[in-house]
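Hello,

Here is the structure I promised to pass on to you. Please open it alongside this email, and my notes follow just below.

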Amino acid sequence: MVFLPSITATLAAALSLTPLLVLGHPGEEYGKREALEEMTNAHVVATMNARALEACQNSPAVKARKERAMARRAETFARLRRERGIENAPWLHRRDAESLGKWAAQSHDMTGSFDFTKETPNKEIFGSNTSCVLTPDNANGPYFVYQEHIRSDVVEETPGIPLHLEMQFIDVQTCEPAVGILIDTWSCNATGAYSGVSARGEGGLDTTFLRGVQEVDADGVVNFDTIFPGHYFGRATHQHLIAHVGSEILPNGTYTGGRVAHLSQLFFDQALRDTIEATAPYSTNQIPHTTNLRDWFTGYAATPNYDPFPNYIMLGGGLSDGLFVWAELGLNTSSNWDYYAPYAAVWKEGGGYDNPNFNFTAVAGPPPTHG
């Protein structure tokens, strides 16, 4: 973990003062013994998988994939601007770097102060990926809903800054796109509430906003239209992700079965967060903010080789025009992290249902492949 300079000592001191550490969501409790064990074994699997991917970065196939990714992102950016009627609008810089280790000190805003033209080299704007190494797994949190809808647009008229999210998944065992997997994503709304769960203050079992599942294409790519997430107590702004391997897509537009091979969270630049939180409806959220540096789980998301902040570009001259956000994530499709991904509820015909056997302990900590 890299989000504090002396995290091991700090964590050990904190654990010595209390038998249980209570984290973000209600019910998230992580014992002292479990935390120390995780610290001891944290990087073993991650290091092995990182070496596998590192060995093939200069192969012709990987170079060709990166070229396709740059061209695809450029076309997505142009299409989103056309659809919004802002194809001639300028781009404006709207951030200053803060710090989460070395990564938050870098700019993830690929927005420029010039008009996009076909002469602008794609690699200057869309060539920067979040990572080409194993993406650390993270704690899943207690609001995962099983068998959500297969769909790319998850907004459901939820108010907020529009966000188009493109993610590309690479299998670290082959250095090739991870195909045949389903990507599950969800986030809270602008005022910090999740859909699909019955916990107090959340949206309820029969709501589905800001949740969806997509099958990756031949290049391991999925796209979602959502909004920039809000925040809630004890957590920085984040987007949840799960990769399902071996699942079956059902005729009713949901899925079933398979296993969880990856679970993580995307985080966002602090300056971008601060700017968005000052706008409505985010500004109506009275819950105290938690910075990236103060969030327990941002440390799990980062390693010396992995940047947990996706790149982004503003589609027009203001935030209301929306954001295009992209990330490349490496995963081991042979992994099985089902234990760490129990579901709080399940979506079936007729609505959502609580999981009576939900395991709060499992969601409090990440697999050993965390950062």
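Thr290 sits in the loop that links helix H6 (270-277) and helix H7 (296-301). This is a predicted model, so please read everything here in that light. Is Thr290 buried or exposed? Its relative accessible area is 11%, and since buried means under 20%, Thr290 counts as buried.

What surrounds Thr290, beyond its neighbours within four places in sequence? Thr290 is in contact with Gly234, Arg235, Ala236, Arg273 and Asp295. Two of these residues also meet its side chain through their backbone: the side chain of Thr290 reaches the backbone nitrogen of Gly234 at 3.4 Å, and a polar atom of that side chain lies 3.5 Å from the backbone nitrogen of Arg235. Thr237 belongs in this picture too, with its C-alpha atom 8.2 Å from that of Thr290 although the two are 53 residues apart along the chain.

Next, have a look at strand S14 (residues 323-331). Nine of its nine residues are buried, so the strand is largely enclosed by the rest of the structure. In a regular strand the side chains alternate between the two faces of the sheet. For S14, one side carries Leu323, Val325, Ala327, Leu329 and Leu331, the other carries Phe324, Trp326, Glu328 and Gly330, and all of them are buried, which leaves both faces covered.

Which strands pair with S14? Strand S4 (residues 162-171) runs parallel to S14 and is joined to it by nine bridges; within this pair, Ile170 has Gly330 as its bridge partner. Strand S13 (residues 311-314) runs antiparallel to S14, with four bridges between them, and here Tyr312 is partnered with Val325.

There are two open sheets to show you as well. One has four strands in the order S7-S6-S9-S12, with antiparallel pairing. Strand S7 (211-215) and strand S12 (259-267) are at its edges, and each has a single partner strand, so one side of each is left without a neighbour in the sheet. From one strand to the next, the twist averages 20 degrees. Within this sheet, S7 and strand S6 (residues 181-186) are paired in the antiparallel sense over five bridges, and Thr185 stands opposite Gly212 in S7.

The other open sheet has three strands in the order S3-S15-S16, and its pairing is mixed. Strand S3 (145-146) and strand S16 (351-354) are the edge strands, each pairing on one side only. Strand S15 (residues 345-348) and S16 run antiparallel and are joined by four bridges; Trp347 has Gly352 in S16 as its bridge partner.

Finally, a helix. How far does helix H4 (residues 60-83) reach from its first C-alpha to its last? Its 24 residues span 35 Å, close to the 34 Å expected at 1.5 Å a residue. The buried residues of H4 include several arginines, namely Arg65, Arg72, Arg73 and Arg81, alongside Val62, Ala69, Met70, Ala74, Thr76, Phe77, Ala78 and Leu80. After H4 comes Gly85, which has a positive phi, near 70 degrees.

If you have time for a single stop, I would suggest the loop with Thr290 and its contacts to Gly234 and Arg235. Happy to hear your thoughts whenever suits you.

Best wishes

Notes. Residues numbered from 1 in each chain as written. Predicted model: local features only at pLDDT ≥ 70, side-chain atom pairs only at ≥ 80, totals over all residues. Heavy atoms only, no water. Pairing = 2+ DSSP bridges. Axes fitted to C-alpha atoms, helices over the stretch in contact; angles between N-to-C directions. Buried < 20%, exposed > 50% of the residue type's maximum accessible area, 1.4 Å probe, protein only. Contact = heavy atoms within 4.5 Å. Polar contact = N/O pair within 3.5 Å; in protein donor to acceptor, adjacent residues only side chain to side chain. Expected span 1.5 Å × (residues − 1).
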